Amino acid sequence: VQAVVQGYNATLMTYGMTGSGKTHTLEGYIYDGAAKVDVGATPKERLGLAPRAVELLFAEVAQAATASPADNLAVSVSFLQIYKEQAYHLLTVGAAAGGAGGAGGASDGSRRRPAGAGLRMRWTRQAGFYLEGLSEHPVADADEVMALFHRGVAAKVMATHALNRASSRSHALLTVTVERTHTVAGADGYDSRVVSRLSLVD
């Protein structure tokens with residue numbers, strides 16, 4: 001996490017069989033009997049790696065801004081779910097509605113299909129591979145990131161089964177992007193821009 005603010009990309013990924021604790025390790029949230037996340041009921045000491053990593057990241061951003069006042073640091077967030085080999089945006093209005101028991105809802109409270117159309121993967125020489133239509137949301141602090149994270153978690157496709165009542169049967173990817181711009185003044189002045197990303201994968 002500290003290296004991300006210095007310009008390096010970093011990935012934290014949980015891996016294991018269904019029911020082994022991947023989502024619990026990353027999120028730490030309590031899920032009720034209907035596979036719905038209950039953020040408010042989750043004590044702080046139980047929070048998983050994602051909330052802790054985001055909090056540390058913004059502490060590092062604040063420290064870097066103090067140490068290098070000439071630098072401008074901007075942070076943004078995207079959140080997606082890969083379900084049946086198709087990527088879906090978790091932060092659109094439609095996704096939030098599906099997560100609240102809308103189009104993707106089932107009678108037991110689980111959500112067995114995503115809301116909205118899947119995202120198309122594209123490639124350009126400048127950007128490399130990217131998902132068309134995946135928006136990035138500017139954020140000012142850890143609370144704003146976690147508000148978006150909670151919204152996306154509530155929109156994930158969920159389906160109960162024998163091994164795990166709150167299984168997503170998919171992968172979720174939260175990406176926090178840090179863009180650092182350094183301006184060199186003078187007649188020959190220029191802007192130096194470094195973009196790095198912290199990826200949290202469930």
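The second largest pocket in this predicted model has 14 residues in its lining. The ones that lie nearest its centre are Ser78, Leu134, Glu136, Thr175 and Arg197. Its volume is about 300 Å³. As for where the lining comes from, the elements giving two or more residues are β1, residues 10–13, β4, residues 71–83, β7, β9, residues 171–184, and β10, residues 190–201. Of these, β7 supplies the largest share, with 3 residues. By residue class, the lining of this pocket splits into 7 nonpolar, 5 polar and 2 charged.

Next, the strands behind that lining. Start with β7, which covers residues 128–132. Strand β7 runs antiparallel to β6, residues 120–124, and 5 bridges join the two. They make a hairpin, with 3 residues between the strands. If you want a place to look on screen, Thr124 stands opposite Gly128 in β7.

Now β9. This strand pairs with β4 through 12 bridges, and the two run antiparallel. One pair to pick out there is Phe79, whose bridge partner in β9 is Leu174. Strand β9 is also joined to β10, again antiparallel, by 12 bridges. Here His182 stands opposite Ser192 in β10. So that is β9 with β4 as one partner and β10 as another.

One residue in β9 that I want to go through is Thr181. Is Thr181 buried or exposed? Its relative accessible area is 18%, and the cut-off for buried is under 20%, so Thr181 counts as buried. What is Thr181 in contact with, leaving aside its neighbours within four places in sequence? There are Ala70, Asp71 and Asn72, and then Asp191, Ser192 and Arg193. Of those contacts, Asp71 and Asn72 fall in the range of β4, while Asp191, Ser192 and Arg193 fall in that of β10. Ser192 has come up already, as the residue His182 stands opposite.

Last, the chain as a whole. The secondary structure comes to 5 helices and 10 strands. There are 202 residues in the chain, and buried residues make up 39% of them. On contacts, take those between residues at least 6 apart in sequence: 64% join residues at least 24 apart. The accessible surface comes to about 11,200 Å², and 52% of that belongs to carbon and sulfur atoms.

Note on methods: Residues numbered from 1 in each chain as written. Predicted model: local features only at pLDDT ≥ 70, side-chain atom pairs only at ≥ 80, totals over all residues. Heavy atoms only, no water. Pairing = 2+ DSSP bridges. Helix = DSSP H or I, 4+ residues; strand = E, 2+ residues; numbered from the N terminus. 1 Å grid on protein atoms, 1.4 Å probe; cavity = no way out; pocket = protein on both sides within 12 Å on 5 of 7 lines; lining within 4 Å. Points joined across faces, edges and corners; volume = space filled by probe spheres on them. Nonpolar A, V, L, I, M, F, W, Y, C, P; charged D, E, K, R; others polar. Buried < 20%, exposed > 50% of the residue type's maximum accessible area, 1.4 Å probe, protein only. Contact = heavy atoms within 4.5 Å. Areas by Shrake-Rupley, 256 points an atom, 1.4 Å probe, with all protein chains shown as cover.
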